[in-house]
Amino acid sequence: MDSWQDEFKVDPVPTLLSTGNDAITYFTLRDLCHRKVAPIETLWELPGVKKLLKKQENDGSWSYPGNRAMKHQDYDQYQTYLNLAELVEKYGLNRGHESIQKAAEFLFQYQTTEGDFRGIYGNQYSTTYSPAIMEILIKAGYEDDPRISKGLDWLLSIRQDDGGWALPFRTVGKNLKEAFEISKPLEPDRSKPFSHMATGTVLRAFASHPKYRRHDEAKKAGELLISRFFKSDKYPDRRSKDHWERFTFPFMYTDIVSALDSLYYLGFNKGNPEIGGALEFLKDKQNEKGTFNLKITRGSDKHLPYWMCLAIYRLFKRYYSLG
C-alpha cells in the first residue's frame with residue numbers, strides 16, 4: 001500500500017473497484033494504482049456518454065429540462081455547462097470529440113468583449129459561473145485558447161481590494177431578483193470583503209490552468225480561502241458554514257473537497273495547519289465500507305458517493321506525495 005492509503009481505516013481501492021462503474025474503475029487504476037490503462041477514448045463509448053450526447057442539440061447546447069422560473073436567466077447555458085462538466089469529469093471527454101467542440105463554441109458565444117461569460121445572471125457579472133465554465137473548458141483542452149486567457153484576465157481585473165472575489169451585485173446590496181432588472185452590469189464595491197463562495201469557484205479555474213495557477217494573485221487568494229475554512233460567508237448566497245460540508249461531483253460550489261483540490265494545484269501542502277486539519281476532518285468521515293459519510297446535494301447518479309470517494313482519495317494521494 002502507498003503511504004496515503006495507510007491514513008485510512010479501510011483500504012479505498014477495493015471499494016472503488018467493486019462499484020461496477022467502468023469509468024470509476026478506469027480512474028481508480030490510473031490515478032490511485034499507478035496502472036497503465038487503455039486510451040481515455042475507450043470511456044467515450046460508455047452508455048452514460050451516449051445517453052448525454054443523444055440529448056445534445058445541433059448547436060452544441062443542451063436544453064434545460066425544468067421550469068424556467070426567472071425569465072432573465074439563460075437556462076440552456078446553465079444546462080450546457082452542467083452536461084459538459086459531466087462528460088469531462090466523469091468520462092474524460094475533451095476537444096478531440098466533436099460534441100465537446102460544439103458545446104464549447106456554444107458556451108463561448110456568451111463570452112463578452114470584457115471576457116466574462118454572461119447570461120446565467122442576466123446582464124450581471126458572475127464571478128461564480130464565469131470561472132466554473134472556464135474551469136471545464138480548460139479541462140476539456142482549451143487552456144491555450146486566447147478566449148480563456150481573456151476570461152482569466154477579466155477575473156484578475158475584478159478582484160476586491162483584499163485580493164479575493166465576490167459577486168459584484170452583492171457588494172452593492174442587490175439581491176438576484178433586483179440585479180436581473182438592471183440592464184447594465186453593476187461594478188463591484190471593491191472595498192467590501194471577499195466571498196469565500198465566489199473565491200473558491202474562481203480558484204478552480206486558476207488551479208486548472210498550468211500558467212495562471214502560478215500567479216501570485218492566485219496564491220494570495222488561496223490564503224484568503226484557507227482563512228475561511230468552516231466559517232460562514234460574508235454574503236447571503238450559501239452563507240451558512242454548513243455549506244463547507246455539502247458536496248457535489250463534478251465540483252460546482254465551494255466546499256472543503258473542491259477547495260482542497262484547487263489549493264494543491266496552487267502550491268499549498270498539508271504542512272499548512274488548516275489544510276492538515278481539513279484532511280483530518282475528511283479522514284474521520286470514512287466509514288467501515290470505505291465510503292464517506294457526506295451530504296451530497298445534487299445529482300441522481302447512484303454512484304455519486306463513489307465519485308466523491310475518488311475525489312477525496314485523489315486529494316490524499318496528491319497531498320501525501322508531497323511529504
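Helix 6 (residues 129-142) contains 14 residues, yet its terminal C-alpha atoms lie only 17 Å apart, short of the 20 Å that a straight helix would reach at 1.5 Å a residue. The expected span of a helix is taken as 1.5 Å times one less than its number of residues. Helices (H or I, at least four residues) and strands (E, at least two) are DSSP runs, numbered from the N terminus. The model is predicted: local features need pLDDT of at least 70 and side-chain atom pairs count only at pLDDT 80 or more, whereas totals for chains, interfaces and linings use all residues. Residues are numbered from 1 along each chain as its sequence is written, and side-chain values use heavy atoms, with hydrogens and water left out.

Helix 6 is largely enclosed by the rest of the structure, because 12 of its 14 residues are buried. Buried denotes under 20% relative accessible area, exposed over 50% and partly exposed in between, with a 1.4 Å probe and protein chains only. The buried set of helix 6 consists of Y129, S130, P131, A132, I133, M134, E135, I136, L137, I138, A140 and Y142. These buried residues pack against helix 4 (75-91), helix 5 (98-108), helix 7 and helix 10 (196-208); contact means heavy atoms within 4.5 Å.

Two of these packing arrangements were examined further. Helix 4 and helix 6 pack at an angle of about 35°, and their axes are 10 Å apart. Axes are lines fitted to C-alpha atoms, for helices over the stretch in contact, and angles run from 0 to 180 degrees between N-to-C directions. The crossing of helix 4 with helix 6 is left-handed, a term applied if the near helix is turned anticlockwise from the far one by less than a right angle, and right-handed if clockwise. Helix 4 contributes Q77, Y78, Y81, L84, A85, V88 and E89 to the contact, and helix 6 contributes Y129, A132, I133, E135, I136, L137, K139 and A140. By class, the residues of this contact comprise 11 nonpolar, one polar and three charged. Ala, Val, Leu, Ile, Met, Phe, Trp, Tyr, Cys and Pro count as nonpolar, Asp, Glu, Lys and Arg as charged, and the others, Gly among them, as polar.

The axes of helix 6 and helix 7 (residues 146-157) come within 10 Å and cross at roughly 145°. This crossing is also left-handed. On helix 6 the contact involves S130, P131, M134, L137, I138 and Y142, and on helix 7 it involves I148, G151, L152, W154 and L155. Nine nonpolar and two polar residues make up the contact of helix 6 with helix 7, with no charged residue.

In helix 10, which holds T199, this residue counts as buried because its relative accessibility is 0%. The C-alpha atoms of T199 and T128 are 8.1 Å apart in space, with the two positions 71 residues apart in sequence numbering. Not counting residues up to four places away in sequence, T199 touches G164, W165, F194 and A221. The T199 side chain reaches the backbone nitrogen of W165 at 2.9 Å, within the criterion for a polar contact, namely a pair of N or O atoms within 3.5 Å; within protein, one must be able to donate a hydrogen and the other to accept it, and residues adjacent in sequence count only if both atoms are side-chain atoms.

A further group of contacts involves the loop between helix 1 (12-17) and helix 2 (22-32), where T19 is found. T19 is buried, with a relative accessible area of 15%. A polar atom of its side chain lies 3.3 Å from the backbone oxygen of L16, and the T19 side chain reaches the backbone nitrogen of N21 at 3.1 Å. Beyond four places in sequence, T19 touches I24, H303 and Y306.

H303 is placed in the loop between strand 2 (295-296) and helix 14 (304-321) and is buried at 14% relative accessibility. The side chain of H303 reaches the backbone oxygen of T19 at 3.4 Å and makes a polar contact with the side chain of N21 at 3.1 Å. H303 and I24 are 279 residues apart in sequence, with a C-alpha to C-alpha distance of 8.9 Å.

At the start of helix 2, a side-chain oxygen of N21 reaches to within 3.0 Å of the backbone nitrogen of A23. Helix 2 is largely enclosed by the rest of the structure, because eight of its 11 residues are buried. The cover of these buried residues includes helix 1, helix 4 and helix 14. Just after helix 2, H34 takes a positive phi of about 60°.
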